[in-house]
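Student: I'd love a close look at one part of this structure, the sheet in the second chain. Could you walk me through that part and then place it in its surroundings?

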Amino acid sequence: MATVGLKCPECGSLDIVDDEHYSQPQLVCADCGAVVSEGLLTTTRSEETQGTDVRYSNSTEVDKKPCRNLINGIHRVRALCRILRLTFLMEETAETHFKQAYEHPNFIRVSLQKKEVLAGCCVLATCRQHSWPIAMGTICCLLEANPRLIGVVYQEMVKTLKIEAPPTSIINLLETHCQAYKLSPQHVHEELSESSKDLTKRAAVLLELAADAWLVTGRQPIPILTASIFLAWQSLKPTQTRLKYTLARFCQMAKVTKSSIAPKRVTELKEVLCKLGQELPWLRGDEVTPQTVIQMVDDILNHRLTLLRRALSSHEEALASESPDTGSVQQQGDHSQPSVPNSGKRSLFEPPSVRYAKIRRVQVPVVEVTGDEEISDSEIDSYIRTPQEIRDYVEAKEALASSDDEL
Amino acid sequence: MDEDSALNDPIANVPVSTLHVQYFDDPIANVSVSISGTDCQCQGDYESSQCSGPSYLSSLSQPEKDVGKDLDLSFLPEETSGNDASNANVTQDSGVFDACRQEESAETDPKKVAMPGASTFCPMTPVTPVAESSGIIPMLQNIVSTVNLACPLDLKSIALQARNAEYNPKRFDAVIMRILEPRTTALIFSSGKMVCTGAKSEELCHLAARKFARVVQKLGFPAKFLDFKIHNMVGSCDVCFPIRLEGLLLDHQQFSSYVPELFPGLIYRMVKPRIVLMIFVSGKVVLTGAKERREIYEAFENIYPILKGFRKQ
């Protein structure tokens with residue numbers, strides 16, 4: 001019986017049932033077939049989702065339709081792939097990765113921010129798998145996200161999906177990075193323009209030199225790439241116009257994001273070039289300063305092997321002439337404290353973290369202790385408040401609390 | 001000839017680099033190294049991968065399977081499978097950090113001609129050549145331990161009565177207590193369990209934990225001292241020469257993780273003993289994850305010959 005007390009107006013029977021005529025719900029008398037009342041032919045969406053016997057979350061539709069964030073994420077992945085101009089295959093791979101990662105319990109309940117970053121990380125992993133050189137910094141710029149967050153999400157994702165994503169070497173990154181610099185004649189003035197190929201070639205040599213001089217290991221790759229490209233650009237045509245350009249202005253002109261670390265790398269690279277430039281025989285021992293070295297970069301790079309050898313040998317000579325003088329002093333110095341490491345054999349090029357080592361905190365001499373000694377009562381008492389202190393503290397807290405209440 | 005001998009001792013000698021011999025014979029402009037593995041289609045501005053110039057860096061981009069064709073690996077130290085050299089190191093912390101060991105003795109060691117077996121087998125533990133021990137002893141920097149005081153504690157009253165305690169239940173549900181001698185910190189939970197950190201040796205850690213327990217006792221709780229256990233030990237030392245992290249990554253790919261964009265050091269997960277090492281370009285090494293002091297010493301003795309192989313000669 002549909003409703004108690006409903007009587008058929010035709011035959012008076014109480015046997016009214018719910019029936020549907022196609023999709024129109026009707027109340028029909030079971031004896032005579034008269035239609036007692038009708039419902040609406042159409043239903044609204046909310047009635048369909050909320051008025052059903054089975055809840056939406058328990059129905060199978062929930063599984064079939066992907067949630068909105070997943071759709072947004074896939075769109076983001078596709079957009080990133082288009083911006084980076086990746087192949088169709090890579091786009092597909094990135095999408096698959098993203099879907100897999102998104103559904104995984106590690107990522108399904110993660111904050112929206114992380115899900116956004118996850119899209120970028122999938123693209124990065126795909127690029128690495130296909131040996132397409134992309135730096136993490138690029139993804140960082142594109143997503144405008146915190147690099148640490150990207151790092152965390154990336155590593156978790158790689159672990160979760162168990163994919164092998166070998167990191168790209170810095171030389172590969174250089175080419176891609178170079179493409180971003182808008183220095184063709186149609187973008188900038190004739191005098192300031194440079195072809196991408198020449199720039200890459202010269203920058204690669206500079207980068208190699210930097211790597212040999214310990215400027216690359218352990219550091220972020222993008223600043224050193226920027227620095228080498230800048231110096232390459234300056235040295236390919238060392239006119240006064242170009243030399244007057246600072247790194248910041250150069251980045252602005254080439255429409256590349258500035259970095260605060262790149263100027264330091266420029267200084268370091270110039271120092272290395274100066275050391276080598278010093279050995280050029282036709283200078284006859286003239287001082288080579290960071291300002292004047294740019295003009296000589298061409299010569300330095302062409303003959304750098306010879307210059308390296310000469311620099312090493314002259315450095316060794318310098319050390320040898322120093323050590324007989326300081327030999328006696330060092331012996332006395334050894335007793336007092338452990339001498340600075342690396343001082344015995346200072347090589348020509350050293351990682352900057354070694355050259356400018358942080359001053360260590362004085363090591364407290366470790367006392368020989370058994371761990372089972374007696375603990376003096378007085379020492380323990382010094383860590384416990386006196387009753388007077390406790391009372392004072394409680395009073396002060398109450399006074400603060402009451403003054404806060406008044407406010 | 002002076003020039004030739006100087007050529008053999010160049011600044012850019014990377015022990016594992018595959019093309020280092022070619023590097024010095026061919027001038028820059030003549031050699032073009034094609035970077036393998038890129039399947040980029042030439043869309044837009046991307047050029048095909050041709051990077052001229054042999055370099056240590058481009059050699060790193062070659063996958064390991066290209067290694068071994070025309071190589072002269074005589075500069076590699078001999079690698080023999082076998083037990084580690086018996087550690088002549090002292091097992092207790094001598095307290096003196098022997099940082100200034102002269103490296104001349106290492107260089108005069110007779111390094112025999114190596115066999116190119118480096119890439120044919122991948123042992124689970126790093127194979128150490130038969131050489132003398134390093135003479136450097138890692139110093140312990142931090143020890144984390146737990147102990148059970150076996151009685152429920154009223155954290156508010158502890159925070160009220162103790163001078164050296166801080167308690168902020170909204171931030172973290174434990175009392176943070178510190179003592180001056182030995183300089184350590186303890187986290188004391190209401191269940192009676194306690195975590196003690198900051199000590200520089202096992203005995204100091206034990207002493208500090210006992211002092212914390214004594215303080216809690218004096219505050220009026222029937223604290224005991226059960227199940228004292230050390231969970232983690234951290235040590236550090238300096239090998240005193242710079243290290244080529246890229247080369248180390250290439251050689252020990254299955255153990256190492258080096259992502260300079262995220263962290264400047266290389267993270268090396270040694271299998272036996274199960275220790276994580278953070279190796280930096282300056283030569284400093286941090287070892288962590290040990291339950292015993294011996295594991296830290298063993299791990300360092302295992303890694304030292306490997307690191308020596310990546311030293312610039």
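Tutor: Here is a tour that starts with that sheet and then moves outwards to the other chain.

Please keep in mind that this is a predicted model. Chain B holds eight helices and 12 strands. The part you asked about is an open sheet of 10 strands, and its order is β4-β5-β6-β7-β3-β8-β12-β11-β10-β9 (chain B), with antiparallel pairing. At the edges stand β4 (165-167) and β9 (256-257) of chain B; each has a single partner strand, so one side of each is left without a neighbour in the sheet. As general background, strands of a sheet pair through backbone hydrogen bonds, either parallel or antiparallel.

A good place to step inside is β3 of chain B, residues 139-148, which pairs with β8 of chain B, residues 226-238, in the antiparallel sense over eight bridges. If you want a landmark for that pairing, find T146(B), which stands opposite K229(B) in β8(B). β3(B) also pairs with β7 of chain B, residues 193-199, again in the antiparallel sense, over five bridges. The landmark here is S145(B), with C196(B) of β7(B) opposite. Moving along the sheet, β5 (residues 175-179) and β6 (residues 184-188) of chain B form an antiparallel pair over five bridges. In that pair, M177(B) faces its opposite residue A186(B) in β6(B).

Now add the helices that lie across these strands. Helix α6 of chain B, residues 202-218, lies across β3, β5, β6, β7 and β8 of chain B, and runs at about 135° to β7(B). Helix α8 of chain B, residues 293-309, lies across β3, β8, β10 (266-270), β11 (275-279) and β12 (284-290) of chain B, and runs at about 140° to β12(B). Both β3 and β8 of chain B therefore appear in the lists for α6(B) and α8(B).

For the chain as a whole, 47% of the 313 residues of chain B count as buried. Among the contacts in chain B with a separation of 6 or more, residues 24 or more positions apart account for 66%.

From here we can cross to chain A by way of I375(A). This residue sits in the loop between α17 (352-355) and α18 (377-381) of chain A. Leaving aside residues up to four places away in sequence, I375(A) touches I380(A) in its own chain and L207(B), R210(B), K211(B) and R214(B) in the other. I375(A) counts as buried because its relative accessibility is 6%, and the cut-off for buried is under 20%.

Chain A has 19 helices and three strands. Those strands make an open sheet in the order β1-β2-β3 (chain A), with antiparallel pairing. β1 (16-21) and β3 (35-38) of chain A are the edge strands, each pairing on one side only. From one strand to the next, the twist averages 30°. Six bridges join β1(A) to the antiparallel strand β2 of chain A, residues 24-29, and I16(A) has C29(A) as its bridge partner in β2(A).

Some of the helices in chain A also reward a look. In α7 of chain A, residues 136-143, the buried residues include M136(A), I139(A), C140(A) and L143(A). Viewed down the axis of α7(A), its buried residues fall within an arc of 105°, so they line one face of the helix. They pack against α3 (68-84), α6 (112-129) and α8 (147-161) of chain A. Just after α7(A) comes E144(A), with a positive phi near 55°. Helix α9 of chain A, residues 170-179, is mostly covered, with 10 of its 10 residues buried; among them are E175(A) and H177(A).

To finish, α14 (residues 262-277) and α15 (residues 293-302) of chain A pack at an angle of about 65°, with their axes 10 Å apart. Their crossing is left-handed. K270(A), L273(A), C274(A), L276(A) and G277(A) of α14(A) meet V293(A), I294(A), V297(A) and I300(A) of α15(A). By class, this contact has seven nonpolar, one polar and one charged residues. Over chain A, 40% of the 407 residues count as buried.

Note on methods
Residues numbered from 1 in each chain as written. Chains lettered and ligands numbered in written order. Predicted model: local features only at pLDDT ≥ 70, side-chain atom pairs only at ≥ 80, totals over all residues. Heavy atoms only, no water. Helix = DSSP H or I, 4+ residues; strand = E, 2+ residues; numbered from the N terminus. Buried < 20%, exposed > 50% of the residue type's maximum accessible area, 1.4 Å probe, protein only. Contact = heavy atoms within 4.5 Å. Pairing = 2+ DSSP bridges. Axes fitted to C-alpha atoms, helices over the stretch in contact; angles between N-to-C directions. Arc of directions from axis to C-beta. Left-handed = near helix turned anticlockwise from the far one by under 90°. Nonpolar A, V, L, I, M, F, W, Y, C, P; charged D, E, K, R; others polar.
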